[in-house]
Amino acid sequence: MTNRPDLPPEIARRRTFAIISHPDAGKTTLTEKFLLYGGAIQMAGQVRAKGEARRTRSDFMQMEKDRGISVSASAMSFDYKDFRYNLVDTPGHSDFSEDTYRTLTAVDAAVMVIDGAKGVESQTRKLFEVCRLRDLPILTFCNKMDRESRETFEIVDEIQENLAIDVTPASWPIGMGRDFIGCYDLLRDRLELMDRADRNKVAESIEINGLDDPKLAEHVPAHLLEPFLEEIEMARELLPPLDVQAVLDGTMTPIWFGSAINSFGVKELMEGIGDFGPEPQPTSATPRQISPEETKVSGFVFKVQANMDPKHRDRVAFVRLASGHFNRGMKLTHVRTKKPMAISNPVLFLASDRELAEEAWAGDIIGIPNHGQLRIGDTLTEGEALKVTGIPSFAPELLQGVRAGDPMKAKHLEKALMQFAEEGAAKVFKPMIGSGFIVGVVGQLQFEVLGSRIEMEYGLPVRFEASQFTSARWVHGPKDAVEKFAQANKQHISYDNDGDVVYMTRLQWDIDRVERDYPEITLSATKEMM
Ligand code: G4P
């Protein structure tokens, strides 16, 4: 099903999405089941290490060390029925919100996973807000229905009230906790029963001819059937019916109930992503928007991962194709530097293995190994000077000075920091006066991850120290005015890794003063990646 019959069928069948959830709601388990259904992995358990690694801080560091795991999970492609799914992983920890934001610029929809016993948790809410900024369609999966959970109406109400979005039930659970036997699929009038004995079995569908069908009573015990029928009646009265356009606009979310660990509800959710996905959307760019069906290939970098193999300092730029049909070996123009790049060894991420991508279509995510030319926000085209917009770089909220444990290694540190800055793992500022660097992050844990990666990947122990500054703002204005401003405020000025001027302070008062005293200058908390 597509709303765009004019799209080439290969593009129309693509669904590129991310999963948003609070840690422990079941994202890893659900991902695993997607891959299992998609035939991408043979056995559940292969992406498990990741979920477990997320439990504790030290384990999380271990995961960061074990680059292989987190990398293969960055983007995964699999087929199910008529669709090609591209699942883009969002970093699990709240400290990586910036990375998450950028990831969400590369998808067309999000699946929100909530734990049926816990409802909407803090991290879910934050991620939801980011999706809302982009008007992304959101499909909801209420997980762990095999355990004691909240009342169905309570869950739906909580989502509606907490997130201010209309909720329409796509399925309705029958029984709860130990009594949970399955769901009624309201979209297809089917009964889906859960098999507790075999967790990897695709649930059995039973065709039902509406809720009056006597077949229902053959499969649902009487003590569950009656309350279920009452609830359904109430649901139909109280909850809005499915409005496909509202789902696409991001103002309504369909909800499925299930149990990822039991592979239950997963199939319906996948079908839902196919139905309401939607297909690859246009990408905003200057001087014009890019449509997926354009025959010329274009794409943009939303993530860079360095040191995937510590022996080679290679990096992989994750590119979302915005338009066209890409073939391996194509020459694309790197718009920022205007240089041609032959894309000879692009990678498609098929579950746990990287594979050479012979071809890819608008909507797909490909990995391009490179030596640092490709940065976050870069656009690739077949020659036209287009620049994808809307990939922001946020002002860091925490700043610290950083020094090499061994002062002789300062140059090495600079190189390492620049690499991480390009990867988007941290902001790196070089003060105009004095030596050393200031590193800026959005969450404390990023300092730890950064320290451990510099030590591991560059053999360089580092020390973080308090910085006199707490805020960083990019300085915009006519070139002369910026230069004059920088000279007059040297002790507050740093340069970021692109050489752009940044004003640092610990006082809001300073920021207000600059805005008052320098009418030509504006300070901003974000900078669009160039
Ligand atoms: P996350 O990636 O969102 O952090 O969650 P993850 O999938 O790792 O799941 C968190 C915990 O919830 C895991 O248990 C997992 O087995 C469990 N879980 C996932 N789906 C379901 C479900 O449908 N029903 C029930 N009852 N549990 C579910 P754990 O004990 O932390 O790990 P493990 O020992 O099972 O691996």
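**Exercise 1. At what angle do helix α2 and helix α12 pack, and how many Å apart are their axes?**

Before solving, keep in mind that this is a predicted model.

*Step 1.* Two packed helices are described by the angle between their axes and the distance between the axes. Find α2 at residues 27–37 and α12 at residues 266–276.

*Step 2.* Read off the geometry: the angle is about 80°, and the axes lie 10 Å apart. Angles of 65 to 115 degrees count as roughly perpendicular, so α2 is roughly perpendicular to α12.

*Step 3.* Now see who touches whom. On the α2 side you'll find L30, K33, F34 and Y37, and they meet V266, K267 and M270 of α12.

*Step 4.* Sort these contact residues by type: five are nonpolar, two are charged and none is polar.

**Exercise 2. Work out what span helix α14 should have, and check it against the model.**

*Step 1.* α14 covers residues 444–458, which is 15 residues.

*Step 2.* The rule is 1.5 Å times one less than the number of residues, so α14 should span 21 Å.

*Step 3.* In the model, the C-alpha atoms at the two ends of α14 are 21 Å apart, so the two values agree.

*Step 4.* Look just past the helix. G459 follows α14, and its phi is positive, near 60°.

**Exercise 3. Find which residues of α14 are buried, and say how they are arranged around the helix.**

*Step 1.* The buried ones are Q446, V449, L450, R453, I454 and Y458.

*Step 2.* Looking down the axis of α14, these buried residues fall within an arc of 135°, so they line one face of the helix.

*Step 3.* Here's some background: an α-helix has 3.6 residues a turn, so residues three or four places apart point the same way.

*Step 4.* Zoom in on L450. A residue needs 20 or more other C-beta atoms within 10 Å to count as buried; L450 has 23, so it is buried.

*Step 5.* Skip the neighbours within four places in sequence, and L450 is in contact with F420, A425, A426 and V439.

**Exercise 4. Do the same span check for α10, then find how many of its residues are buried.**

*Step 1.* α10 runs over residues 222–238, and its 17 residues should span 24 Å. Its end C-alpha atoms are 24 Å apart, so the check works here too.

*Step 2.* Only one of the 17 residues is buried, so α10 is hardly covered, by the cut-off of 20 or more C-beta atoms within 10 Å.

*Step 3.* For the protein overall, buried residues make up 47% of the 530 residues.

**Exercise 5. Track down the backbone oddities at P278, P287, D24 and D189.**

*Step 1.* Start from the usual case: most residues other than glycine have a negative phi, and most peptide bonds are trans.

*Step 2.* G277 and P278 are joined by a cis peptide bond, with omega about -10°. P278 sits in the loop between α12 and β12.

*Step 3.* T286 and P287 are also joined by a cis peptide bond, with omega about 0°. You'll find P287 in the loop between β12 and β13.

*Step 4.* D24 isn't a glycine, but its phi is positive, about 85°. It lies in the loop between β1 and α2, and its 16 C-beta neighbours inside 10 Å make it partly exposed.

*Step 5.* D189 has a positive phi as well, near 50°. D189 lies in the loop between β8 and β9 and, with 13 other C-beta atoms within 10 Å, is partly exposed.

How values were computed
Residues are numbered from 1 along each chain as its sequence is written. This is a predicted model: local features need pLDDT of at least 70, side-chain atom pairs count only at pLDDT 80 or more; totals for chains, interfaces and linings use all residues. Helices (H or I, at least four residues) and strands (E, at least two) are DSSP runs, numbered from the N terminus. A residue is buried if 20 or more other C-beta atoms lie within 10 Å of its own, exposed if 12 or fewer, and partly exposed in between; C-beta atoms are placed from the backbone. The arc is that of the directions from the helix axis to the C-beta atoms. Axes are lines fitted to C-alpha atoms, for helices over the stretch in contact, and angles run from 0 to 180 degrees between N-to-C directions. Angles under 35 degrees count as roughly parallel, over 145 as roughly antiparallel, 65 to 115 as roughly perpendicular and the rest as oblique. Two residues are in contact if their C-beta atoms, placed from the backbone, lie within 7 Å. Ala, Val, Leu, Ile, Met, Phe, Trp, Tyr, Cys and Pro count as nonpolar, Asp, Glu, Lys and Arg as charged, and the others, Gly among them, as polar.
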